[in-house]
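Here is a short tour of one protein model, written for someone who likes to check each contact in a viewer. Please have the coordinates open as you read.

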Amino acid sequence: APIPNFDELPDTAYARLAQLIRDPKHPTRTTPLPFSAATLWRKVREGTFPAPLKLGPAISAWCVADVRSWLRAQAAA
């Protein structure tokens, strides 16, 4: 099944990394964040981007509402 577009997800959903940043394998998929995975993880470490929830040993996902709130705050700044 195709990965749902971030904009189609409800606020209560969780988004994986591939739904947040552009994937070189899928360059036409729209993503909300204009930076790389390395930058995303640096921002999480610095506390300037919401931390993901650990859904399993190798699975991290972000609450869609948290990401949208962060995006709104950036647009307002």
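Let us begin with helix α2, which spans residues 37-46 and has T39, L40 and V44 as buried residues. These three cover an arc of only 140 degrees around the axis, which puts them on the same side of α2. Please keep in mind that this is a predicted model.

What do the buried residues of α2 pack against? Their partners are α1 (17-20) and β3 (59-63). On the face turned away from the buried side, α2 carries the exposed residues A38, R45 and E46. Just after the helix comes G47, with a positive phi of about 80 degrees.

**Salt bridges**

How many salt bridges are there? The count comes to two, and they are set out here.

| Pair | N to O distance |
|---|---|
| R68 and D11 | 2.6 Å |
| E46 and R42 | 3.6 Å |

Take the pair of R68 and D11 to start with. R68 lies in helix α3 and D11 in the segment before β1, so this salt bridge ties together parts that are 57 residues apart in sequence. Is R68 buried or exposed? R68 has a relative accessible area of 17%, and the cut-off for buried is under 20%, so R68 counts as buried. Its partner D11 is partly exposed, at 42% relative accessible area.

The other pair stays within one helix: E46 and R42 both belong to α2, four residues apart, or about one turn of the helix. An α-helix has 3.6 residues a turn, so residues three or four places apart point the same way. E46 is among the exposed residues of α2, while R42 is partly exposed, with 38% relative accessibility.

**Around R68**

R68 deserves a second look. Helix α3, where R68 sits, covers residues 64-76. The R68 side chain also makes a polar contact with the side chain of D11, at 2.6 Å. Leaving aside residues up to four places away in sequence, R68 touches F6, D7, L9, P10 and D11.

**A nonpolar patch**

Which residues form a nonpolar patch on the surface? They are Y14, L53, L55 and I59, and together they have about 340 Å² of accessible area. Y14 belongs to strand β1, residues 14-15. With a relative accessibility of 40%, Y14 counts as partly exposed.

Definitions and conventions
Residues are numbered from 1 along each chain as its sequence is written. This is a predicted model: local features need pLDDT of at least 70, side-chain atom pairs count only at pLDDT 80 or more; totals for chains, interfaces and linings use all residues. Side-chain values use heavy atoms; hydrogens and water are left out. Buried means under 20% relative accessible area, exposed over 50%, partly exposed in between (1.4 Å probe, protein chains only). Helices (H or I, at least four residues) and strands (E, at least two) are DSSP runs, numbered from the N terminus. The arc is that of the directions from the helix axis to the C-beta atoms. Contact means heavy atoms within 4.5 Å. A polar contact is a pair of N or O atoms within 3.5 Å; within protein, one must be able to donate a hydrogen and the other to accept it, and residues adjacent in sequence count only if both atoms are side-chain atoms. Patches are made of residues with over 30% relative accessible area and no salt bridge: like charges are joined within 9 Å, nonpolar side chains (Val, Leu, Ile, Met, Phe, Trp, Tyr) within 5 Å. Accessible areas come from the Shrake-Rupley method with a 1.4 Å probe; for residues, only the protein chains shown count as cover. A salt bridge is a side-chain nitrogen of Lys or Arg within 4 Å of a carboxyl oxygen of Asp or Glu.
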